[in-house]
Amino acid sequence: PRERRDLDRVPGARRTEGFFGYWARKEALLKATGDGLSAGLGTVGVSSPFEPAAVVEWDSPAAPEHVRLTDLDAGHGYRAALAALCPGPLTTQTCDPAELLSTRRTAG
């Protein structure tokens, strides 16, 4: 309900972006636990998609003790997030996938 109220306050032109911001964050969290979407998007509460990513509530006895959440740059018109079950800070680095693939070692 809190997220729905926050989303209703977002101007119409940005509401779709906000919806997918919530979705990406919640999906990342539920997939990090291995439960996936079957655990229920409503069990996890996250900050507004236009604020820094944070878990604000997790209504489950199996909620992890330590969890970190951050948004990723997925390009204009897309939303992505990364969740990790760890106590420390979460930092990310953007890399060129072509460069990463060219350094793959082949077995042999």
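**Exercise 1. R14 and its partner**

Classify R14 in this predicted model as buried, partly exposed or exposed. Then find the salt bridge that joins R14 to E17, and place both residues in the secondary structure.

*Solution.*
Step 1. Take the relative accessible area of R14, which is 39%. Buried means under 20% and exposed means over 50%. R14 is therefore partly exposed.
Step 2. Do the same for E17. Its relative accessibility is 32%, so E17 is partly exposed as well.
Step 3. Look at the side chains. E17 and R14 meet in a salt bridge, with 3.2 Å from N to O.
Step 4. Place the pair. Both residues lie in helix α2. They are three residues apart, about one turn of the helix.

**Exercise 2. A pair in helix α1**

What distance separates N and O in the salt bridge of R2 and D6? How many residues apart are the two?

*Solution.*
Step 1. Read the distance. The side chains of R2 and D6 meet at 3.4 Å, N to O.
Step 2. Find the helix. R2 and D6 both belong to α1, residues 2–8.
Step 3. Check the spacing. The two are four residues apart, about one turn of the helix.
Step 4. Classify each residue. R2 has a relative accessible area of 28%, so R2 is partly exposed. For D6 the value is 22%, so D6 is partly exposed.

**Exercise 3. A salt bridge across the chain**

Which elements hold R25 and D71, and how many residues apart are they? Is R25 buried or exposed?

*Solution.*
Step 1. Start with the contact. R25 forms a salt bridge with D71, and the closest N and O atoms are 2.6 Å apart.
Step 2. Locate the partners. R25 sits in helix α2, while D71 sits in strand β3, residues 68–72. The two are 46 residues apart, and the pair links distant parts of the chain.
Step 3. Classify R25. Its relative accessibility is 0%, so R25 is buried.
Step 4. Classify D71. At 28% relative accessibility, D71 is partly exposed.
Step 5. Now look for shared partners. Salt bridges of this kind join R2, E3, D6, R9 and K26 into one network.
Step 6. Widen the search. The whole structure holds nine salt bridges.

**Exercise 4. The largest nonpolar core**

How many residues make up the largest nonpolar core? Which element gives the most to this core?

*Solution.*
Step 1. Count the members. The core has 14 residues.
Step 2. Pick out the best connected. L29, V44, V46, W58, L69, A81 and A83 touch the most other members.
Step 3. Assign elements. α2 (12–32), β1 (44–46) and β4 (80–84) each supply at least two residues of this core.
Step 4. Rank them. α2 gives the most, with five residues.
Step 5. Zoom in on L29. Set aside its neighbours within four places in sequence. L29 is then in contact with V44, V46, V55, W58, V67, L69 and A83.
Step 6. Recall a general tendency. In soluble globular proteins, nonpolar side chains tend to be buried together.

**Exercise 5. A nonpolar patch on the surface**

Which residues form the nonpolar surface patch, and what accessible area do they have together?

*Solution.*
Step 1. Name the members. The patch consists of F19, F20, W23 and L37.
Step 2. Give the area. Together they have about 350 Å² of accessible area.
Step 3. Take F20 as an example. This residue is found in helix α2. With 43% relative accessibility, F20 is partly exposed.

**Exercise 6. The whole chain**

What pattern do the helices and strands follow along the sequence? How many Å does the C-alpha trace span along its principal axes?

*Solution.*
Step 1. Count elements. The chain has three helices and four strands.
Step 2. Order them. The pattern reads α-α-β-β-β-β-α.
Step 3. Give the span. The C-alpha trace covers about 55 × 35 × 25 Å.
Step 4. Add burial. Of the 108 residues, 24% are buried.
Step 5. Add the surface. The chain exposes about 7600 Å², and carbon and sulfur atoms supply 53% of it.
Step 6. Bring in the record. An unreviewed UniProt entry lists residues 1–83 as "domain: 4'-phosphopantetheinyl transferase". Over residues 1–83 the chain is 34% helix and 19% strand. The end C-alpha atoms of that stretch are 23 Å apart.

**Exercise 7. The chain start**

Is P1 buried or exposed? How many Å separate the C-alpha atoms of P1 and G42?

*Solution.*
Step 1. Place P1. It is found in the segment before α1.
Step 2. Classify P1. Its relative accessibility is 80%, so P1 is exposed.
Step 3. Give the distance. The C-alpha atoms of P1 and G42 are separated by 9.2 Å. Along the chain, the two are 41 residues apart.

Note on methods:
Residues numbered from 1 in each chain as written. Predicted model: local features only at pLDDT ≥ 70, side-chain atom pairs only at ≥ 80, totals over all residues. Heavy atoms only, no water. Core = buried A, V, L, I, M, F, W, Y, C linked by side-chain atoms within 4.5 Å. Buried < 20%, exposed > 50% of the residue type's maximum accessible area, 1.4 Å probe, protein only. Contact = heavy atoms within 4.5 Å. Patch = residues over 30% accessible without salt bridge, like charges linked within 9 Å, V, L, I, M, F, W, Y side chains within 5 Å. Areas by Shrake-Rupley, 256 points an atom, 1.4 Å probe, with all protein chains shown as cover. Salt bridge = Lys/Arg side-chain N within 4 Å of Asp/Glu carboxyl O. UniProt positions renumbered as here; feature names shortened; annotations may be inferred.
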